[in-house]
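Good morning, colleagues. Please take a moment with the sequence and the structure before I begin. I shall go through the model region by region.

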Amino acid sequence: MVNAECALEVKRRAKYKWEEPRGVKRGEELYISINESCPMCHECFREFGCTAIKLTKNDGRFVYYIDESSCMKEYCQACLDICPNHCIEKTIINPKERDK
């Protein structure tokens, strides 16, 4: 069930004027990642169908990862709600706090 506007539309609109991204303040960096405890239920890959979620072989086993170049993390974050095992994580880094 969709509970937010399409991330593509939000990004197009943000091109023309600054809009505060979802949960991120100006100057902060947001990272979305799939942790190592992922049981490979395939919900994010097959059912959700996000093009930023990729499958690769690492040390002889298949793992999912988020392609940073195609993820619209600041505007979407739908994958956080999709994963039934809560293996997709969001990390916000405040550059001011990082230097302390």
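**A predicted model, region by region**

At a relative accessibility of 63%, H86 counts as exposed. I begin with this residue, and I should say at once that the model before you is a predicted one. H86 is placed in the loop between α3 and β4, the latter covering 88-93. Its phi is positive, about 55 degrees, although H86 is not a glycine.

A second residue invites the same inspection. Q77 is not a glycine either, and its phi is positive, near 60 degrees. Q77 sits in the loop between β3 (61-66) and α3 (79-82). Is Q77 buried or exposed? With a relative accessible area of 3%, Q77 is buried. H86, by contrast, is exposed at 63%.

Let me now set these loops in the overall architecture. The protein has four helices and four strands. Read from the N terminus, the order of elements is α-β-α-β-β-α-β-α. Of the 100 residues in the protein, 28% are buried. The accessible surface comes to about 7300 Å², and carbon and sulfur atoms account for 50% of that surface. As for the contacts between residues at least 6 apart in sequence, 63% of them join residues at least 24 apart.

I turn to the hairpin. Strand β2, residues 53-58, pairs with β3 in the antiparallel sense, over six bridges. Two residues lie between the strands of this hairpin, and D59 there takes a positive phi near 55 degrees. Within the pairing, L55 has Y64 in β3 as its bridge partner.

Y64 leads us to the aromatic residues. How many aromatic pairs does a search of the whole structure find? The search finds one. A pair of aromatic rings is described by the distance of the centres and the angle of the planes. Here the ring centres of F45 and Y64 are 5.1 Å apart, and the planes stand at 40 degrees, so the pair is tilted. The pair links distant parts of the chain, since F45 belongs to helix α2 (residues 43-48) and Y64 to strand β3, with their positions 19 residues apart in sequence. The two partners also have their own accessibility classes. F45 is partly exposed, at 33% relative accessibility. Y64 has a relative accessible area of 6% and is buried. Y64 therefore counts as buried because its value falls under the 20% cut-off.

Next, the charged side chains. A search of the whole structure finds one salt bridge. The partners are E68 and K73, whose closest N and O atoms are 2.7 Å apart. Which of these partners is buried, and which is partly exposed? E68 is partly exposed, with a relative accessible area of 32%, whereas K73 is buried, with 11%. K73 lies in the loop between β3 and α3, the loop that also holds Q77. Leaving aside neighbours within four places in sequence, K73 is in contact with L30, Y31, I32 and E68.

The next residue takes us back to H86. N35 lies in the loop between β1, residues 29-34, and α2. N35 has a relative accessible area of 19% and is therefore buried, the cut-off being under 20%. Which residues does N35 contact, once its neighbours within four places in sequence are set aside? They are H86, C87 and E89. With E89 there is, in addition, a polar contact of 3.0 Å between the side chains. The exposed residue with which I opened, H86, is thus among the contacts of the buried N35.

Finally, the C-terminal helix. P95 is located in helix α4, residues 95-98. P95 is partly exposed, with a relative accessible area of 25%. Where does P95 stand with respect to E29? The two are 66 residues apart in sequence, and their C-alpha atoms are 7.7 Å apart in space. Neighbours within four places in sequence aside, P95 is in contact with G27 and E28.

To close, I would ask you to keep three pairs in view on the structure. F45 and Y64 form the tilted aromatic pair. E68 and K73 form the salt bridge. N35 and E89 are joined through their side chains by a polar contact. Thank you for your attention.

Definitions and conventions
Residues numbered from 1 in each chain as written. Predicted model: local features only at pLDDT ≥ 70, side-chain atom pairs only at ≥ 80, totals over all residues. Heavy atoms only, no water. Buried < 20%, exposed > 50% of the residue type's maximum accessible area, 1.4 Å probe, protein only. Contact = heavy atoms within 4.5 Å. Areas by Shrake-Rupley, 256 points an atom, 1.4 Å probe, with all protein chains shown as cover. Phe/Tyr/Trp six-rings, centres within 6.5 Å; stacked < 30°, edge-to-face > 60°. Pairing = 2+ DSSP bridges. Salt bridge = Lys/Arg side-chain N within 4 Å of Asp/Glu carboxyl O. Polar contact = N/O pair within 3.5 Å; in protein donor to acceptor, adjacent residues only side chain to side chain.
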